[in-house]
Amino acid sequence: MFTENMIKYITSGNVGNCLNCGSALTVEEIETPIRNNYYVICNSCGRIEYFTGTIKEKK
């Protein structure tokens with residue numbers, strides 16, 4: 001449901017509003033050694049979507 005919002009967040013840093021209720025969304029980033037994962041959360045209507053990040057480049 002929040003795929004377009006996640007793309008917007010990655011490209012601009014602004015996740016936008018919920019497509020269901022119009023409230024502002026929040027992003028919770030989970031950093032791991034391999035990749036960063038993301039939850040896009042609407043605190044108003046309770047919808048949450050999880051996105052798995054890409055594998056980080058080895059340095």
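**View 1. Cys 18 and Cys 45 do not form a disulfide.** The sulfur of Cys 18 lies 3.7 Å from that of Cys 45, its closest cysteine sulfur, which is too far for a bond. A disulfide here is a pair of cysteine sulfur atoms within 2.5 Å. Such a link is a covalent bond between the sulfur atoms of two cysteines. This predicted model holds 0 disulfides. Cys 21 is in none either; the nearest cysteine sulfur, in Cys 42, is 3.5 Å away.

This is a predicted model, in which local features need pLDDT of at least 70 and side-chain atom pairs count only at pLDDT 80 or more, while totals for chains, interfaces and linings use all residues. Residues are numbered from 1 along each chain as its sequence is written, and side-chain values use heavy atoms, leaving out hydrogens and water.

**View 2. Strands β1 and β2 run antiparallel.** Strand β1 covers residues 26–31, and 6 bridges join β1 to β2. Strands are DSSP runs of E, at least two residues long, numbered from the N terminus. Two strands pair if DSSP finds at least two bridges between them. Val 27 has Val 40 in β2 as its bridge partner. A hairpin of 4 residues connects β1 to β2.

**View 3. Asn 36 sits in strand β2 (residues 36–41).** Asn 36 counts as buried at 17% relative accessibility; buried means under 20% relative accessible area, with a 1.4 Å probe and protein chains only. The side chains of Asn 36 and Glu 29 share a polar contact of 2.9 Å. A polar contact is a pair of N or O atoms within 3.5 Å; within protein, one must be able to donate a hydrogen and the other to accept it, and residues adjacent in sequence count only if both atoms are side-chain atoms.

Terms used
Buried < 20%, exposed > 50% of the residue type's maximum accessible area, 1.4 Å probe, protein only.
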